[in-house]
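New to this one? Take a look at the structure first, and then we'll walk through how it is laid out and where its metals sit.

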Amino acid sequence: MADLKTVKLIIKGVVQGVGFRPFIYRIAKELKLFGRVSNTSEGVVVYVNVDEDLLKRFIELIKTKKPPTALISSITYESVDFINFKDFKIEKSAKNKKIEALIPVDLKVCDKCIEDIFNPKDRRFLYPFTNCTNCGPRFSIIKKVPYDRKNTTMKDFKMCRDCKKEYEDPLDRRFHAQPNACPLCGPFVWVITYQGEKKCNDCFDYIARRIISGGIVAIKGLGGFHLACDAFNQEAVKKLREFKRRDFKPFAIMIDDIDDISEMVYTNKTERDILYSVASPIVMLRKKDRSSFEYVSPMLDNVGVMIAYTPLHKILFYFLKKYGFKNPLVMTSGNLRDEPIIKDNDDAIRVFKGFDIFLHNREIYNRIDDSVVFVDELGNIRFIRRSRGYVPSPVILKMNFKNEVFACGGDIKNHFAVYKDGKVFLSPYIGDLENESNRDFFISSYKSMKKLLGFNPKICLVDKHPNYFSTMIAKELFPKIFSVGHHIAHICSVMAENALVDNVIGVAFDGTGWGDDGNIWGGEFFVIKDKLIKRVAHFKYFKLSGGDLAIKEVYRSFVSFFGSDKDFVYEFLKDKIDLNRVDIIFSLGEKNINTFHTSSCGRIFDAVGVLVCGDLYSNFEAEVAMKLEHIAYENRVDERYSFDLTREKDGYVIEWEGLVRDIIKDWRNKKSNVISSKFHNSIIYLIKEMVEKLSIEYQINDVCFSGGVFQNRYLLNGILKILGGRYNIFFNSKTPSNDGCISLGQIYYYLNFLARKD
Ligand code: ZN
Ligand code: ZN
Ligand code: FE
């Protein structure tokens with residue numbers, strides 16, 4: 001210990017609000033080191049007196065024993081002038097102009113806090129705002145960095161003596177737990193009953209009884225309000241659907257414990273791990289029997305499940321179970337159809353009038369929806385919606401471009417994104433920008449994230465679509481705008497996640513995106529070589545009448561795609577629809593009025609879905625395609641149809657006329673039950689064939705897949721099986737493969753292809 005010197009360490013990453021300083025304090029004590037640790041906006045800074053050997057051990061312990069929710073992106077250190085420390089201390093947060101520290105995500109209640117709230121002797125017995133450094137709200141309550149109580153919505157709650165003691169004791173689990181609270185000093189709950197009366201006592205008991213008797217309850221949670229009811233009560237769910245004006249779209253359910261429904265759904269270890277992870281997203285689980293959960297997830301073979309992730313939800317289930325009630329609860333975003341989730345008490349009281357409303361006075365500053373994921377056959381997590389529990393932790397790029405960049409994303413399933421110092425911060429789920437209140441949410445969220453992350457970008461990226469709302473918003477906010485092709489952005493998002501810069505085959509299959517030639521693309525193959533992007537194959541265009549109308553009126557895709565055999569189209573639709581409408585579609589198509597040329601694979605799935613499922617309208621996006629997928633699983637065969645490839649000067653055209661003919665043949669021969677599986681197989685085989693060709697032609701082995709079509713598990717798993725091992729296969733795994741990934745892709749396109757490297 002002779003040659004001690006003072007070393008300054010800077011630890012970056014998610015190191016605030018996760019118990020990092022007390023952790024440093026404990027290992028410093030363990031190694032008998034003297035020094036200081038503090039939270040700065042650069043990250044956690046440690047000054048410590050060590051020799052070489054101790055420094056090594058100190059860093060080793062930091063890396064291996066870090067708190068469960070901490071995420072270290074870098075540890076740097078340097079020697080500084082010797083300071084003669086006499087002990088080890090935790091210092092108060094320092095102010096620093098340069099804001100770099102990452103903002104922690106909201107965390108599921110931890111096991112120790114659950115113990116506290118169900119221990120009748122604990123002062124937090126049944127207290128719904130219990131938390132500690134390992135759990136509780138973070139992003140949803142933070143107004144600015146650094147993450148300190150005074151910068152959160154907990155600012156106005158003055159800690160009582162006991163809470164303060166915990167907060168100041170480095171060895172306590174609640175040391176500097178910013179939202180620390182107890183029944184004496186913290187937030188509290190109350191209810192506005194469906195009759196409009198305010199109720200302050202026995203609120204949980206009341207709400208539990210209302211749910212059991214079939215009522216609908218609005219519950220203020222972590223990132224916004226939920227609407228909840230008994231998932232097995234047909235009347236209650238029906239009423240909820242009427243309120244949300246949502247006839248068939250599935251609702252997520254919340255359960256106390258996965259064992260409560262283990263008879264009804266399949267789960268593997270990965271799925272359970274993700275359910276119980278600190279992010280606790282909604283996980284799509286396969287039903288054992290498709291007819292179960294018939295009110296919440298009608299006709300589909302999976303159901304979205306999350307576990308009670310806050311003390312408030314845990315306590316609600318405790319009261320429900322007290323009455324012997326064990327059903328799952330519908331737990332759906334509390335909003336009006338297609339609008340942002342409601343987060344403020346006043347709005348809730350106005351909008352949910354007539355329902356029981358369960359309120360509390362811990363303000364939600366940043367609204368954030370539940371995330372939705374599924375697990376593929378190889379055990380990879382796939383996002384459908386990336387929000388609570390994941391936002392605002394960034395996607396880290398291997399780039400060091402100096403300027404900040406903003407990307408708007410697309411208009412559908414919008415998430416915007418910001419690039420700063422090698423990291424991309426994606427916004428919470430914003431929704432569809434066609435809706436005005438979502439546009440307001442986009443702008444307010446942008447302003448809030450700007451303040452929070454301390455950025456001020458001058459460069460902005462938008463989709464090439466000429467009529468996107470996101471572009472209009474961008475024009476008002478930014479002087480400099482670049483537009484990025486939709487499907488290029490899809491592929492770039494996967495490249496960004498996997499640090500690929502060149503030599504990539506890209507497969508972008510989705511519903512709708514503006515193509516470079518002015519047509520609607522959605523079934524494209526790209527090659528990226530020598531930093532040049534080239535479209536090398538696409539589905540042969542077919543004429544689609546009505547454009548975006550076809551997303552809901554799926555029969556339009558059917559008429560268009562199978563239109564080469566008019567007799568068949570009339571025969572199939574004759575008892576289902578006024579055939580005059582079909583005549584109109586055909587004649588508008590012939591005259592090219594209100595008709596678009598499209599290569600959209602999503603629309604081809606719709607067309608085949610109409611044939612197999614008989615649905616002419618889709619109640620929600622991709623409903624028919626989802627049903628088609630489930631039928632493929634239920635009637636799985638090995639056969640397939642085939643596509644023909646023709647080579648034109650700028651690439652391959654995928655001809656589908658033969659496939660159309662063969663599908664019609666199967667239908668006429670009463671073999672419609674196998675059409676779906678055969679159709680899926682033919683898409684998988686087409687991809688295999690194209691990838692093989694392109695790989696040889698361009699000497700490329702990395703293949704990136706993106707687009708909403710790849711949320712189809714039959715397809716995804718089929719591709720992994722047929723191509724995995726032979727090629728390096730990449731799907732989106734940090735962002736959704738639907739348009740939720742577009743903003744990340746736009747940023748990466750700019751950095752990798754447009755910006756000059758520093
Ligand atoms: Zn805890
Ligand atoms: Zn207290
Ligand atoms: Fe897309």
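Let's start with a distance: the centres of domain 1 and domain 3, taken over C-alpha atoms, are 43 Å apart. Keep in mind that this is a predicted model. From there, here's the chain as a whole, followed by its two zinc sites.

**How the chain is divided**
- There are four domains to find your way around: domain 1 covers 5-90 and domain 2 covers 103-187.
- Further along come domain 3, at 189-360, and domain 4, at 505-741.
- In terms of secondary structure, the protein chain has 22 helices and 31 strands.

**Overall size and packing**
- The radius of gyration of the protein chain is 28 Å, and the globule rule gives 27 Å for 758 residues, so the chain is as compact as a globular protein of that length.
- If you lay the C-alpha trace along its principal axes, it spans about 90 × 65 × 50 Å.
- Of the 758 residues, 62% count as buried.
- Take the contacts between residues at least 6 apart in sequence: 70% of them join residues at least 24 apart.
- The accessible surface of the protein chain adds up to about 30,700 Å², and carbon and sulfur atoms account for 49% of that.

**The zinc ion (ligand 1)**
- Four cysteines hold this ion through their SG atoms: C110, C113, C132 and C135, at 2.3 Å.
- The site is tetrahedral, with angles of 101 to 119 degrees among the four donor atoms.
- For reference, the ideal angle for four tetrahedral donors at a metal is 109.5 degrees.
- Along the chain, the donors of ligand 1 are spaced as C-x2-C-x18-C-x2-C.
- Two of these donors, C132 and C135, are buried.

**The zinc ion (ligand 2)**
- Here the protein donors are the SG atoms of C160, C163, C182 and C185, which lie 2.2 to 2.3 Å from the ion.
- This site is tetrahedral too, and the angles among its four donor atoms run from 105 to 117 degrees.
- The donor spacing along the chain reads C-x2-C-x18-C-x2-C.
- C160 and C185 link distant parts of the chain, 25 residues apart.
- You'll find C160 in the loop between α3 (111-117) and α4 (161-168), while C185 is in the loop between α4 and β6 (189-192).
- Are C160 and C185 buried or exposed? Both are buried.

How values were computed:
Residues numbered from 1 in each chain as written. Chains lettered and ligands numbered in written order. Predicted model: local features only at pLDDT ≥ 70, side-chain atom pairs only at ≥ 80, totals over all residues. Heavy atoms only, no water. Donors = N, O, S within 2.8 Å, 3.2 Å for Na, K, Ca; no water. Tetrahedral: all angles 85-135°; square planar, octahedral: opposite > 155°, others 65-115°. Helix = DSSP H or I, 4+ residues; strand = E, 2+ residues; numbered from the N terminus. Buried < 20%, exposed > 50% of the residue type's maximum accessible area, 1.4 Å probe, protein only. Domains from an automatic or database assignment. Rg over C-alpha atoms; globule rule 2.2 N^0.38 Å. Contact = heavy atoms within 4.5 Å. Areas by Shrake-Rupley, 256 points an atom, 1.4 Å probe, with all protein chains shown as cover.
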